[in-house]
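Q: I have a protein model open in front of me and I am not sure how to read it. Could you take me through some of its features, one at a time?

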Amino acid sequence: MKNTVKILLLCAAALVAASCAKSRVEQMAEAGKLESIKISCKPEVLTLVGDQIPVDLSINYPSGYFDPKAVVEMFPVLVYGDKEQRGPVLIYQGEKIMDNFKVVPSSGGVIREQFAFDYEEGVEQARLELRGIAHIQENSSQLPIIKVADGTIVTQLLADSHGMYSYKKDDYQSVIHEQTEGQVMYDYNSSVIKGSELRSESIKELQAALEEISSDPRYSVRGTSVVAYASPEGGQEYNAKLSDERAASAQKAWREVTGEAAPDNLEVRSIGQDWEGFQEAIEKSDLEDKDLILRVLSMYSDPAVRESEIRNMSQVYTEINKNVFPELRRARFIAEVDYQNFTDEELVELADKAIDVLDEEGLLRVASVVDKADRKAEILKTAVQKYHSDRALFNLGALMLDDERPDAALAYFDAIRNPDADVQNAKGVVELQRGDLPAAAEFFRKANTEEAKANLGLVELLQGDYASAAGRLKGTKGVNGAIAYLLDGKLDEAEAAINCNCGRSEYVRAVIAARRGDAAGVKSHLDALSQKDKRLYEQAQKDVEFAKYK
């Protein structure tokens with residue numbers, strides 16, 4: 001009988017304890033009680049940093065809230081549209097629970113949690129909720145949902161993440177500068193031009209060239225000149241006078257050579273002793289002592305000393321006197337002409353009708369001026385087939401990058417025989433477009449060009465290292481530098497970095513105005529944005545950067 005009474009008393013006590021536990025856990029879930037918990041989030045509005053949305057959460061439990069025998073599970077959830085993303089489970093225990101969770105004393109305390117959500121499209125309109133369950137013994141109670149934050153700032157996504165690269169330029173010359181000339185030879189110590197010299201092959205070739213130039217409207221004569229010389233023998237003063245006399249006789253012969261009166265712009269020059277021509281002739285010769293002669297020319301600048309030293313080489317001087325000096329007793333008749341090359345319009349027509357007549361530079365030029373990407377590619381492929389042009393291969397890869405086809409671009413870049421820093425940068429853009437930021441950064445560091453440095457700043461911006469990005473992009477103009485400064489808290493520098501009035505720039509200016517509390521500036525720039533980029537304007541309507549100004 002006594003045992004029965006004890007058992008009944010124990011059961012009654014258990015029921016009372018269970019009932020009490022249930023009551024306590026229900027009290028923890030009461031809305032009024034829950035409101036006494038102070039929750040703060042840094043930043044107050046969630047912000048995308050790199051590819052993560054970091055959360056710095058502080059939960060301040062007041063005295064008397066947390067039951068010593070309670071266990072509370074908290075579930076941070078990012079909710080956007082019909083999707084949600086769960087964060088880590090946060091578990092807290094009272095002082096009398098023998099487990100390894102974070103302890104919250106009954107006297108209250110502050111718990112700090114740091115975690116992050118992954119970026120997904122749509123998080124701009126997200127809200128951060130805390131959902132929880134309180135447990136005491138076998139009793140559990142669902143806690144009311146606590147809203148912690150509304151919206152996510154994704155200003156980082158305004159960056160132009162396409163990557164910077166430039167097409168290889170052609171060396172096509174719109175105007176080709178040419179020179180045509182003939183020359184007459186003089187006898188030793190003479191300034192008289194013999195008739196046979198005016199009928200020489202050299203003069204005939206000049207006359208034929210001038211005739212062709214006059215009959216071709218693409219040619220124009222830019223300047224004409226006669227230049228007379230004396231061989232470096234017989235003294236500097238004497239040869240200077242002889243050279244002047246040869247210049248005068250050549251000037252008189254100009255009309256007979258060209259078939260017209262000397263034009264007003266005919267330039268007449270007398271060089272005197274032709275040491276430059278002498279050195280060139282010695283370099284091209286097979287004289288036994290030519291190295292010694294060249295050494296004399298390099299050691300002495302005084303013409304008299306030079307001539308004396310060379311005369312002392314009696315054996316070689318005889319050969320010089322016979323084969324070198326006669327070629328320096330001359331006057332040159334020179335015409336400087338410009339050839340007007342094919343215009344861009346003519347090149348396009350040639351590419352359509354007779355592409356085989358175009359050289360590598362012509363193909364590169366016409367590829368740069370045609371409008372359609374498919375036609376550009378066809379012309380560039382012709383340059384690759386005919387000339388294995390590395391520049392054409394590079395530009396084909398750039399076309400693929402324009403279309404955000406990084407794998408196709410890489411195939412062209414890998415085919416380049418002599419890759420340079422521009423290729424390294426372009427391969428970095430390939431990795432950037434693939435989403436492999438560390439690999440992209442490695443290529444940009446290797447390239448170390450101005451474009452690569454800007455791209456490396458972009459990588460740092462996309463990784464959320466705004467201070468480094470701002471430093472890397474310092475002094476550059478454009479949206480990316482402005483966004484880096486903006487996210488690094490340097491609004492004046494951000495505004496100064498913007499250098500255009502495009503839609504993206506107006507958006508960034510509006511964000512700067514919002515962060516300054518400039519309502520009129522926000523309205524002005526968003527109005528301008530509405531006229532320039534409808535898509536970005538619609539995006540701005542949902543942007544929490546402007547929540548205070550709606």
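Q: Let's begin with contacts. Which residues does Gly503 touch, not counting residues up to four places away in sequence?
A: Keep in mind that this is a predicted model. To read contacts, we skip the close neighbours along the chain and look at what remains. For Gly503 the answer is Leu529, Lys532, Asp533 and Leu536. Gly503 itself lies in helix H22, which covers residues 503-516.

Q: Is Gly503 buried or exposed?
A: The general idea is a cut-off: a residue is called buried when its relative accessible area is under 20%. Gly503 has 9% relative accessibility, so it counts as buried.

Q: How far apart are the C-alpha atoms of Gly503 and Tyr238?
A: They are separated by 76 Å, and the two residues are 265 apart along the chain. That leads nicely to the overall shape.

Q: What box do the C-alpha atoms of the protein fill?
A: Taken along the principal axes, the box is roughly 155 × 55 × 45 Å. A second way to read shape is the radius of gyration: the protein has 43 Å, whereas a compact globule of 550 residues would be near 24 Å. Inside that outline you will find 24 helices and 15 strands. Of the 550 residues, 45% are buried. Contacts can also be sorted by sequence separation: among those between residues at least 6 apart, 64% join residues at least 24 apart.

Q: How should I read a single helix, say H16? What does H16 span from its first C-alpha to its last?
A: Compare the span with the expected one. H16 (residues 421-434) has 14 residues and reaches 20 Å, close to the 20 Å expected at 1.5 Å a residue. Then look at the two ends. Asp420 caps the N-terminal end, with a side-chain oxygen 3.1 Å from the backbone nitrogen of Asp422. After the helix comes Gly435, whose phi is positive, near 95 degrees.

Q: Why is H16 described as largely enclosed by the rest of the structure?
A: Count its buried residues: 10 of the 14 are buried, so H16 is largely enclosed. Among them are Val423, Ala426, Val429, Val430 and Leu432, and also Asn425, Lys427 and Glu431. What covers the buried residues includes helices H14 (390-402), H15 (406-414), H17 (437-447) and H18 (450-462).

Q: Where is the largest nonpolar core, and which residues have the most contacts inside it?
A: To find a core, follow buried nonpolar side chains from one to the next. The largest has 76 residues, and those with the most contacts inside it are Phe413, Leu461, Val508 and Phe546. H14 gives the largest share of this core, 8 residues. A second, separate core has 37 residues, including Cys41, Ile53, Val104 and Ala126.

Q: Which residues is Val508 in contact with, leaving aside its neighbours within four places in sequence?
A: Its partners are Leu158, Val479, Ala482, Ile483, Leu486 and Ile498.

Q: Now the strands. In which sense do S1 and S3 pair, parallel or antiparallel?
A: Look at the direction of the two strands and at who stands opposite whom. S1 (residues 38-42) and S3 (residues 52-61) are antiparallel, with 5 bridges. Lys42 stands opposite Asp56 in S3. S3 also pairs with S8 (residues 109-118) in the antiparallel sense, over 10 bridges. There, Pro54 has Ala116 in S8 as its bridge partner.

Q: In which sense do S6 and S7 pair, parallel or antiparallel?
A: S6 and S7 (residues 102-103) pair in the parallel sense over 2 bridges, and the partner of Tyr92 in S7 is Lys102. S6 (residues 90-93) pairs with S4 (residues 70-80) too, in the antiparallel sense over 4 bridges. In that pair, Val71 stands opposite Gln93.

Q: What should I look for in the backbone angles?
A: Most residues other than glycine have a negative phi, and most peptide bonds are trans. The exceptions are worth finding. Lys42 and Pro43 are joined by a cis peptide bond, with omega about -10 degrees, and Pro43 sits in the loop between S1 and strand S2 (46-47).

Q: Where is Gln137 found?
A: Gln137 is in the loop between strand S9 (127-136) and strand S10 (139-150). Its phi is positive, near 55 degrees, in a residue other than glycine. At 49% relative accessibility, Gln137 counts as partly exposed. Glu404 is not a glycine either, yet has a positive phi of about 55 degrees; look for Glu404 in the loop between H14 and H15.

Key. Residues are numbered from 1 along each chain as its sequence is written. This is a predicted model: local features need pLDDT of at least 70, side-chain atom pairs count only at pLDDT 80 or more; totals for chains, interfaces and linings use all residues. Side-chain values use heavy atoms; hydrogens and water are left out. The expected span of a helix is 1.5 Å times one less than its number of residues. Buried means under 20% relative accessible area, exposed over 50%, partly exposed in between (1.4 Å probe, protein chains only). Contact means heavy atoms within 4.5 Å. A polar contact is a pair of N or O atoms within 3.5 Å; within protein, one must be able to donate a hydrogen and the other to accept it, and residues adjacent in sequence count only if both atoms are side-chain atoms. Two strands pair if DSSP finds at least two bridges between them. A nonpolar core is a set of buried Ala, Val, Leu, Ile, Met, Phe, Trp, Tyr and Cys residues joined through side-chain atoms within 4.5 Å. The radius of gyration is taken over C-alpha atoms; the globule rule is 2.2 Å times the number of residues to the power 0.38.
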